[in-house]
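Reader: I would like a close look at a single part of this model, namely how two of its helices pack against each other. Please describe that part and then what surrounds it.

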Amino acid sequence: MAKRAAPEVNAGSMADIAFLLLIFFLVTTTIETDSGLNRKLPPIEETEPPVIKQKNIFTVLLNGQDQLLVEDEIMEIKDLRAAAIAFLDNGGDKSCSFCTGKKDPESSDNPAKAIISLKNERETKYKAYIAVQNELVAAYNELRNKRAQALYGTSFAEMEANFKDVNWPGSKDALKKKIEQIKLDYPQKLSEVQ
């Protein structure tokens, strides 16, 4: 009796189908990226912290019931931006030539020395914390926009948008210097205390 050869299964088309499925899943799959708060951490250095006068610190406390205490006074979130602008733009030591504040010697000396200290309790709701933080960042942005308008005739937000735009026809180097100058005039010093 003759031995019959076992029929072979052609696996070539199976490999083609597997390859097509792999390509399909690679093309159609989206990769989720986590979004968070954009904060730059300070470099690790073993130096003594600078001496900071208490009048140059603007304290903002957010308790577990989402109540806001600013400079030991209860305040609504809607009034926080104006209070932060008044503190940052005070110019108490009269060294700030562009500050338009009250020049109160009991408040911050100048924007370079002014620090906003934000502290919250563990029970604080995330939504309230973000709302307070947004108001504080908006205070910096408003002052930077006003300064950029006075110096260059355009807002700081527009300058940053132009810098990020790859099709913007102007000089990126000159624009970067202008942006850095505005950031030097109003540095964002927002301290989050644990």
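Author: The crossing of α3 and α5 is right-handed in this predicted model. The axes of the two helices, α3 and α5 (residues 172–185), come within 10 Å and cross at roughly 130°. An angle over 145 degrees would count as roughly antiparallel, and one of 65 to 115 as roughly perpendicular; α3 and α5 are therefore oblique to each other.

The residues that meet can be listed by helix. On the α3 side they are Arg 144, Arg 147, Ala 148, Leu 151 and Tyr 152. On the α5 side they are Lys 178, Gln 181, Ile 182, Lys 183 and Asp 185.

Ala 148 also appears in the account of the loop that follows α3. Ser 155 sits in that loop, between α3 and α4 (156–164). With residues up to four places away in sequence set aside, Ser 155 touches Ala 148, along with Asn 145 and Gln 149. The relative accessibility of Ser 155 is 19%, and the limit for a buried residue is under 20%, so Ser 155 counts as buried.

Next, the nonpolar cores. The largest of them has 25 residues, and those with the most contacts inside it are Phe 58, Val 60, Leu 80, Ile 116, Val 132 and Leu 136. At least two residues of this core come from each of β1 (57–62), β2 (68–70), α2 (80–88), β4 (115–120) and α3 (126–152). The greatest contribution to this core is that of α3, which gives eight residues. Apart from this core lies another, made of six residues, and Ala 148 is among them, as are Met 159, Leu 175 and Ile 179. Ala 148 is thus a member of this six-residue core, and it is one of the α3 residues that meet α5.

Within the largest core, Phe 58 can be followed outward. Leaving aside neighbours within four places in sequence, Phe 58 is in contact with Leu 80, Ala 83, Ala 84 and Phe 87, and also with Ile 115, Ile 116 and Ser 117. Val 70 and Glu 71 are further contacts of Phe 58.

The remaining item is a covalent link. A search of the whole structure finds one disulfide. That disulfide joins Cys 96 to Cys 99, with an S to S distance of 2.0 Å. The torsion about the S-S bond of Cys 96 and Cys 99 is about 90°, so the disulfide is right-handed. Cys 96 and Cys 99 are both buried.

Technical notes: Residues numbered from 1 in each chain as written. Predicted model: local features only at pLDDT ≥ 70, side-chain atom pairs only at ≥ 80, totals over all residues. Heavy atoms only, no water. Disulfide = S-S within 2.5 Å. Buried < 20%, exposed > 50% of the residue type's maximum accessible area, 1.4 Å probe, protein only. Core = buried A, V, L, I, M, F, W, Y, C linked by side-chain atoms within 4.5 Å. Helix = DSSP H or I, 4+ residues; strand = E, 2+ residues; numbered from the N terminus. Contact = heavy atoms within 4.5 Å. Axes fitted to C-alpha atoms, helices over the stretch in contact; angles between N-to-C directions. Parallel < 35°, antiparallel > 145°, perpendicular 65-115°, else oblique. Left-handed = near helix turned anticlockwise from the far one by under 90°.
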